[in-house]
Amino acid sequence: PLAPTEEMLASARDALPELPGQRRDRYRDELGLPEELATQLAFEAELGAYFERVLAEARRDDHPAAPGREAEDAAGNRVEARAVANWVTGELAAELREAGEEDPGRVEPGALAALVGMVQAKRVTHGAAKQVLAELVAGGGDPAEIVEARGLAQISDSGELEAAVKRAIEANPEAAERVREGNAKAIGPIVGAVMKETKGRADGSEVTRLIRE
């Protein structure tokens, strides 16, 4: 019999299913995921398959989770993949446990991709997005419609946010004084007051900047 050629061997290798170890390496090397995250998604087959479906939706040129993709480079793609992976293994997994569910497919991949894209585009805060995710797990739906119906869009009016920060400082004079004295940890109650008033619609880093200012 003829010895197999390199081409035949390569074809045979390509026909084999991807092993978990190979999948982990691909997630790590091509998508830039941290080793631990890549390993979890590679060896938990159902979760990994769902992650790939969400990522495929997020990377569609016509998907709302992929704004400005024509200008993205490899680094941008890695950040996007990590964001999707974090939501799949973190927030979604936690919300499913809370609801007594196990199947990640309870949330349509396109819906989660859209939600992650809205967070990245700063259309909603992380906290507001978690509220949307809870609704998606409970009964599905369109993330953008849920955000609009519940008034969860991130505050874009700087004047509105500055006014909320001012009220929070006035309502927490002791904490404000400690911040002025250099106690950075004292800023917590003021930030909390702003987030409570805005129902989680304020960007936390911007709130912190305004308070310090």
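Q: If buried means under 20% relative accessible area and exposed means over 50%, is Q154 buried or exposed?
A: In this predicted model, Q154 lies in the loop between α8 and α9. Leaving out residues up to four places away in sequence, Q154 touches K122, R123, V124, T125, R201 and D203. Its relative accessibility is 15%, and because the cut-off for this class is under 20%, Q154 counts as buried.

Q: How many helices does the secondary structure of the chain come to?
A: Read along the sequence, the pattern of the chain is α-α-α-α-α-α-α-α-α-α-α-α. There are zero strands, and the secondary structure comes to 12 helices.

Q: What percentage of the residues in the chain is buried?
A: The chain has 213 residues, and a residue is placed in this class when its relative accessible area is under 20%. Buried residues make up a share of 37%.

Q: What share of the contacts with a separation of 6 or more joins residues 24 or more positions apart?
A: One pair far apart along the chain is L161 and E206, with their positions 45 residues apart in sequence and a C-alpha to C-alpha distance of 8.9 Å. Within the chain as a whole, among contacts with a separation of 6 or more, the share that comes from residues 24 or more positions apart is 59%.

Q: Which helix gives the largest share of the largest nonpolar core?
A: This core has 39 residues, and those that touch the most other members are L33, F51, V107, L112 and L133. At least two residues come from each of α3 (35–43), α4, α5, α6 (109–120), α7 (126–139) and α8 (143–150). The largest share of this core is eight residues, and the helix that supplies them is α5.

Q: Which residues does L33 contact, leaving aside its neighbours within four places in sequence?
A: L33 is one of the residues that touch the most other members of the largest nonpolar core. With sequence neighbours within four places set aside, the contacts of L33 are Y27, R28, A38, L41, F51, A81, R82 and A85.

Q: On how many faces of α3 do its buried residues lie?
A: The residues of α3 that are buried are L37, A38, L41 and A42. Seen down the axis of the helix, they fall within an arc of 125 degrees, so the number of faces they line is one.

Q: In which helix does L161 lie?
A: Apart from the largest nonpolar core lies another core of 17 residues, which includes L161, V165, A168 and V191. L161 has 5% relative accessibility and therefore counts as buried. Not counting residues up to four places away in sequence, L161 touches I155, V194, A202, E206, V207 and L210, and the helix in which L161 itself lies is α9.

Q: Against which helices do the buried residues of α10 pack?
A: In α10, which spans residues 173–180, the buried residues are A175, A176 and V179. They cover an arc of only 100 degrees around the axis, which puts them on the same side of α10. On the other side, P173, E174 and R180 are exposed, while the buried residues pack against α9 (158–171) and α11 (188–197).

Q: Which residue just after α10 takes a positive phi?
A: The helix α10 runs over residues 173–180. The residue just after it has a phi of about 105 degrees, and that residue is G182.

Q: What relative accessible area does K199 have?
A: K199 is not a glycine, although its phi is positive at about 55 degrees. K199 is found in the loop between α11 and α12 (204–212). Because exposed means over 50%, K199 counts as exposed, with a relative accessible area of 64%.

Q: Is K122 buried or exposed?
A: K122 has a positive phi of about 60 degrees although it is not a glycine, and its place is in the loop between α6 and α7. Its relative accessibility is 54%, and because the cut-off for this class is over 50%, K122 counts as exposed.

Q: What volume does the largest pocket have?
A: The lining of the largest pocket has 13 residues, of which L47, A93, L96, E102 and P104 lie nearest its centre. Two or more lining residues come from each of α4 (45–58) and α5 (74–98), and α5 gives the largest share, six residues. The lining divides into six nonpolar, two polar and five charged residues. The volume of the largest pocket is about 180 Å³.

Technical notes
Residues are numbered from 1 along each chain as its sequence is written. This is a predicted model: local features need pLDDT of at least 70, side-chain atom pairs count only at pLDDT 80 or more; totals for chains, interfaces and linings use all residues. Side-chain values use heavy atoms; hydrogens and water are left out. On a 1 Å grid over the protein atoms alone, a cavity is a set of points where a 1.4 Å probe fits but cannot get out, and a pocket is an open set with protein on both sides within 12 Å along at least five of seven lines; lining residues have an atom within 4 Å of a point. Grid points are joined across faces, edges and corners, and a volume is the space filled by probe spheres set on the points. Helices (H or I, at least four residues) and strands (E, at least two) are DSSP runs, numbered from the N terminus. Ala, Val, Leu, Ile, Met, Phe, Trp, Tyr, Cys and Pro count as nonpolar, Asp, Glu, Lys and Arg as charged, and the others, Gly among them, as polar. A nonpolar core is a set of buried Ala, Val, Leu, Ile, Met, Phe, Trp, Tyr and Cys residues joined through side-chain atoms within 4.5 Å. Buried means under 20% relative accessible area, exposed over 50%, partly exposed in between (1.4 Å probe, protein chains only). Contact means heavy atoms within 4.5 Å. The arc is that of the directions from the helix axis to the C-beta atoms.
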